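Please open the structure in a viewer and keep the sequence beside it. The stops below go from the whole chain to single residues.

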Amino acid sequence: LSSPEAEAHAFHQIDTHGSWRGENVHITRSGAYLRVESSVQVLRGSAGRPDGMIAVIRDVGERHQVERRLYQSERRFRQLA
């Protein structure tokens, strides 16, 4: 799930710089939400023209859960101190 503005920004980065990297949410076939880190790179042929793209998508949901628990723990500690 990303906003139209975020998608436009990603496509602009790909068109302008040949690559984009960011995080977003995908919806699986079962309807589950999956937080991912995506990296897209334009592949260029010998003439320098785009021949295709490669995308690497990595599940970062567990990392986000750990970061959220750490943040909450730090917040509780600060409130006690």
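What follows is a short tour, with something to select at each stop.

This is a predicted model, in which local features need pLDDT of at least 70 and side-chain atom pairs count only at pLDDT 80 or more, while totals for chains, interfaces and linings use all residues. Residues are numbered from 1 along each chain as its sequence is written, and side-chain values use heavy atoms, with hydrogens and water left out.

**The whole chain**

Select the protein chain and colour by secondary structure. The chain has two helices and three strands, where helices (H or I, at least four residues) and strands (E, at least two) are DSSP runs numbered from the N terminus. Along the sequence the pattern is α-β-β-β-α. The radius of gyration, 18 Å, is well over the 12 Å that the globule rule gives for 81 residues, so the chain is more spread out than a compact globule. That radius is taken over C-alpha atoms, and the rule is 2.2 Å times the number of residues to the power 0.38. Along the principal axes, the C-alpha atoms fill a box of roughly 65 × 35 × 20 Å. Of the 81 residues, 19% are buried (under 20% relative accessible area; exposed is over 50% and partly exposed in between, with a 1.4 Å probe and protein chains only).

**The largest pocket**

Next select Ser2, Glu7, Ala10, Trp20 and Asn24. The largest pocket has a volume of about 270 Å³, and these five are the closest to its centre among the 17 residues that line it. A pocket is an open set of points on a 1 Å grid over the protein atoms alone, where a 1.4 Å probe fits, with protein on both sides within 12 Å along at least five of seven lines; lining residues have an atom within 4 Å of a point. Grid points are joined across faces, edges and corners, and the volume is the space filled by probe spheres set on them.

Which elements give two or more residues to this lining? They are helix H1 (4-17) and strands E1 (19-27), E2 (33-44) and E3 (50-59). H1 gives the most, with six residues.

**Two residues in the strands**

Select Ser38, in strand E2. Ser38 counts as buried, at 5% relative accessibility. Among the residues that Ser38 touches are Trp20, Asn24 and Ile57, contact meaning heavy atoms within 4.5 Å.

Finish at Glu23, in strand E1. Glu23 is partly exposed, at 35% relative accessible area. Its contacts include Arg35, Val60 and His64.

Note on methods
Lists of a residue's contacts leave out its neighbours within four places in sequence.
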